[in-house]
Amino acid sequence: MVRGKIQMKRIENATSRQVTFSKRRNGLLKKAFELSVLCEAEVAVIIFSQKGRLHEFSSSDMQKTIERYYKYAKGGHTNNTDVEQYMQRLKRESANMAKKIEHLNDSQRKLLGHGLSICTREELQEIESQLERSLRSIRARKAQLLMDQIAHLKAKERLLIEENKSLSEKCGAKNPRPQEKDVVTYCSRSCQSSETDVETELFIGLPEMRCSKAV
């Protein structure tokens, strides 16, 4: 049985209209889902019924899809005049950039001492001023690096002195050395004892008489 062609006009019967809406809505959402899966397309469908009920489908985040739509609708379509103007602006910017690059290359060659024969006295004076400013900056940076290195070495020296002091104290506690005062006292006592053993009495005569007197 062949189905008849449906005439595109509002369905007057409310029940038939509601049934048709449900069927067509489900079919439309199913087709949107199939399109998103089969073709990897970003699809969003929003349907409001006659009573104001919302029916929607989105293959991704609905809000992001709407934002993408607004962004494309506002700035996505441009006419040929806009494209030509944009291309002309790009050409002008490219030409200006090429001039700036050429000027920088020329300045670099002059700073290196090349192509100075065509320079005027004012240009040579400007190049000299640039070199002097660069030299001052280099010297200042070099001095700063040297000061930092000196400070680092001093800090390292203080650390080594502290370590040496600590090691000396540990070695001194294990093997105590005699103090200078004790050495002097010991020497004085030794000298006194040796002086008492020495005979200082003067005696004139033969050895035998000296010995008998001593007895």
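**Figure 1. Strand β2 of this predicted model has two faces.** Take a walk along β2, residues 54-58, and watch where the side chains go. His 55 and Phe 57 point to one face and are buried. Leu 54, Glu 56 and Ser 58 point to the other face, and these are not buried. That back-and-forth is worth remembering: in a regular strand the side chains alternate between the two faces of the sheet. How exposed is Leu 54? Leu 54 has 45% relative accessibility, so Leu 54 counts as partly exposed.

**Figure 2. β1 and β2 make a hairpin.** Strand β1 covers residues 44-48 and runs antiparallel to β2. How many bridges join the two strands? There are 5. Look for Phe 48, which stands opposite Leu 54 in β2. Between the strands sit 5 residues, and Gly 52 in the turn has a positive phi of about 95°.

**Figure 3. Ile 46, Phe 48 and Leu 54 form a nonpolar patch on the surface.** Together, these three residues have about 320 Å² of accessible area. Leu 54 of the patch belongs to strand β2, and the residue opposite Leu 54 is Phe 48.

**Figure 4. Asp 106 has two salt-bridge partners in view, Arg 109 and Lys 110.** Here is the general idea: side chains of opposite charge can pair when their charged atoms come close. For Asp 106 and Arg 109, the closest N and O atoms are 3.4 Å apart. For Asp 106 and Lys 110, the closest N and O atoms are 3.3 Å apart. Where do Asp 106 and Arg 109 sit along the chain? Both are in helix α3, residues 80-111, and because they are 3 residues apart, about one helical turn separates them. Lys 110 and Asp 106 also lie in α3, 4 residues apart, which is about one turn of the helix. Now check how covered each residue is. Asp 106 is partly exposed, at 25% relative accessible area, and Arg 109 is partly exposed at 38%. Is Lys 110 buried or exposed? With a relative accessible area of 16%, Lys 110 is buried, because buried means under 20%.

**Figure 5. Arg 121 and Glu 122 meet in a salt bridge.** From N to O, the distance between these side chains is 3.5 Å. Arg 121 counts as exposed, at 59% relative accessibility, while Glu 122 is partly exposed, at 48%. Elsewhere, salt bridges that share partners link Glu 102, Asp 106, Arg 109 and Lys 110 into one network. The structure holds 7 salt bridges.

**Figure 6. Zooming out, the protein chain has 6 helices and 2 strands.** In sequence order, the pattern reads α-β-β-α-α-α-α-α. Of the 215 residues, 7% count as buried. The chain exposes about 20400 Å², and carbon and sulfur atoms supply 57% of that area. Among contacts with a separation of 6 or more, 15% come from residues 24 or more positions apart.

**Figure 7. Two stretches have pLDDT below 50, residues 193-200 and residues 210-215.** For the whole protein chain, the mean pLDDT is 78, and 73% of residues reach 70 or more. Residues 193-200 have 1 contact in the model beyond near neighbours in sequence. For residues 210-215, the model has 4 contacts beyond four places in sequence. A word of caution: where pLDDT is low, the predicted coordinates should not be read in detail.

Notes
Residues numbered from 1 in each chain as written. Predicted model: local features only at pLDDT ≥ 70, side-chain atom pairs only at ≥ 80, totals over all residues. Heavy atoms only, no water. Buried < 20%, exposed > 50% of the residue type's maximum accessible area, 1.4 Å probe, protein only. Contact = heavy atoms within 4.5 Å. Areas by Shrake-Rupley, 256 points an atom, 1.4 Å probe, with all protein chains shown as cover. Pairing = 2+ DSSP bridges. pLDDT = per-residue confidence, 0-100. Patch = residues over 30% accessible without salt bridge, like charges linked within 9 Å, V, L, I, M, F, W, Y side chains within 5 Å. Salt bridge = Lys/Arg side-chain N within 4 Å of Asp/Glu carboxyl O.
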